[in-house]
Amino acid sequence: MINIISWNVNSIRARLEHFATLAREINPDVILLQETKVQDIHFPREAIEDLGYNIFIHGEKSYNGVAILSRGPMEDFKKHLPGDEDDIQSRYAECITTIKGRTIRVASVYVPNGTAVKSDRFPYKLKFFERLHAHFNELQAYDEVFIAGGDYNVAPENIDVYSPEQLEGQLGFHIEERKRFRTILTGGIHDSYRTMHPNTQAYSWWDYRSSGWAHNKGMRIDHLLVSSQACDIMTEAGMHPEFRAMERASDHVPIYCKLKA
DNA sequence: ATGGCCGTTACGAACGGA
């Protein structure tokens, strides 16, 4: 079995202990990180290599930052999502890795939050979805086992939030975001969790503010999107909510999907 | 409730997160 994790760590340096717990107890083959919040020169490379991972990082100071960690060899590295040459934020990393003899294309994705629906950063978020759709469409031609995990900052359906009535039109649940996310899920890209669990309510994020965790007011905004070729060999998908209950937790939990080796 | 908490930067208070 091949276990692939996506996790918005909200600072890799602040989350190193929890990361070590994930590596030792869950033992994922591939980990896709978001919000590492660190320049490449300050990434805790040794600590993570000592836990048995090869590292591909794309970071910046203070904000954003993505990484791909793999038990196997990696090649064909990409750091830029096509469609906007002026976009210099560290929100995308992609490579090919080989695990237990199976070659997989993986991507770590950090979709812009958008700040507020009326903010000028909201159109940047919408455009980012459109760029993802265009790029995933290009990749479709390769017929590969492809997995794009990340913080997509959108809950796709009513079942994915604690209160659809309360959140309608709000950031992360606005119809324009959901429409664009839905558009990505056409032509052979699938939401791994929803494919495996059509009717289960489960969240990947709970707000630090308003004691979101204590009241179970969460949203499913982290996703592992998979190509049809990956879907065909997928055996499991789920979340690790126990990571939200820990001291000094990230506001997001690791999400996983498993493939036949 | 345009709030609450958390991490980063830089050393107080602002920014971003969703």
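Good morning. In what follows, helices (H or I, at least four residues) and strands (E, at least two) are DSSP runs, numbered from the N terminus. The structure is a predicted model, in which local features need pLDDT of at least 70 and side-chain atom pairs count only at pLDDT 80 or more, while totals for chains, interfaces and linings use all residues. Residues are numbered from 1 along each chain as its sequence is written, chains are lettered from A and ligands numbered from 1 in the order in which they are written, and side-chain values use heavy atoms, with hydrogens and water left out.

I begin with helix H1, residues 16-26. His18, Phe19, Ala20, Leu22 and Ala23 are buried there; buried means under 20% relative accessible area, exposed over 50%, and partly exposed in between, with a 1.4 Å probe and protein chains only. An α-helix has 3.6 residues a turn, so residues three or four places apart point the same way. The cover over the buried residues of H1 includes strand S1 (2-8), strand S2 (30-34), helix H2 (45-50) and strand S4 (66-70). Just after H1, asparagine 27 adopts a positive phi of about 55 degrees.

That leads to backbone angles. Most residues other than glycine have a negative phi, and most peptide bonds are trans. Serine 62, not a glycine, nevertheless has a positive phi of about 75 degrees. Serine 62 sits in the loop between strand S3 (54-58) and S4, and is partly exposed at a relative accessible area of 39%. Arginine 248 is also not a glycine, and its phi is positive at about 50 degrees. The loop that holds arginine 248 runs between strand S13 (234-239) and strand S14 (255-259); with a relative accessible area of 61%, arginine 248 is exposed.

Next, the surface around DNA strand B. Which residues come nearest to that strand? Of the 26 residues around DNA strand B, they are Ser11, Ser62, Asn113, Arg121 and His252. Of the atoms of DNA strand B that come within 4 Å of the protein, sugar and phosphate make up 69%. A residue is near a strand if one of its heavy atoms lies within 4 Å of it. By class, the residues near DNA strand B are 7 nonpolar, 9 polar and 10 charged, where Ala, Val, Leu, Ile, Met, Phe, Trp, Tyr, Cys and Pro count as nonpolar, Asp, Glu, Lys and Arg as charged, and the others, Gly among them, as polar.

Some individual distances follow. Arginine 15 places a polar side-chain atom 3.1 Å from a phosphate oxygen of DNA strand B. For threonine 115, an N or O atom in the side chain is 3.3 Å from a phosphate oxygen of that strand. Asparagine 113 instead has a polar side-chain atom 3.1 Å from a base nitrogen.

Histidine 252 deserves a separate word. Histidine 252 is located in the loop between S13 and S14; is this residue buried or exposed? At 4% relative accessibility, histidine 252 is buried. Its side chain makes a polar contact with the side chain of asparagine 8 at 3.5 Å. A polar contact is a pair of N or O atoms within 3.5 Å; within protein, one must be able to donate a hydrogen and the other to accept it, and residues adjacent in sequence count only if both atoms are side-chain atoms. Not counting residues up to four places away in sequence, histidine 252 touches Trp7, Asn8, Asp151, Ser204, Trp205, Ile221 and Asp222, contact meaning heavy atoms within 4.5 Å.

A second loop residue is leucine 81, between strand S5 (74-78) and strand S6 (92-99). Leucine 81 is buried, at 2% relative accessibility. Its C-alpha atom is 7.1 Å from that of arginine 131, 50 residues apart along the chain. Leaving aside neighbours within four places in sequence, leucine 81 is in contact with Tyr92, Phe128, Arg131, Leu132 and His135.

I close with the empty space. On a 1 Å grid over the protein atoms alone, a cavity is a set of points where a 1.4 Å probe fits but cannot get out, and a pocket is an open set with protein on both sides within 12 Å along at least five of seven lines; lining residues have an atom within 4 Å of a point. Grid points are joined across faces, edges and corners, and a volume is the space filled by probe spheres set on the points. The largest pocket holds about 1000 Å³. Its lining numbers 36 residues, of which Asn113, Asn153, Leu171, Trp205 and Arg209 are the closest to its centre. There are 2 cavities of 30 Å³ or more, and the largest cavity holds about 50 Å³. Helix H6 (192-196), strand S12 (222-227), S13 and S14 each contribute at least two residues to the lining of the largest cavity.
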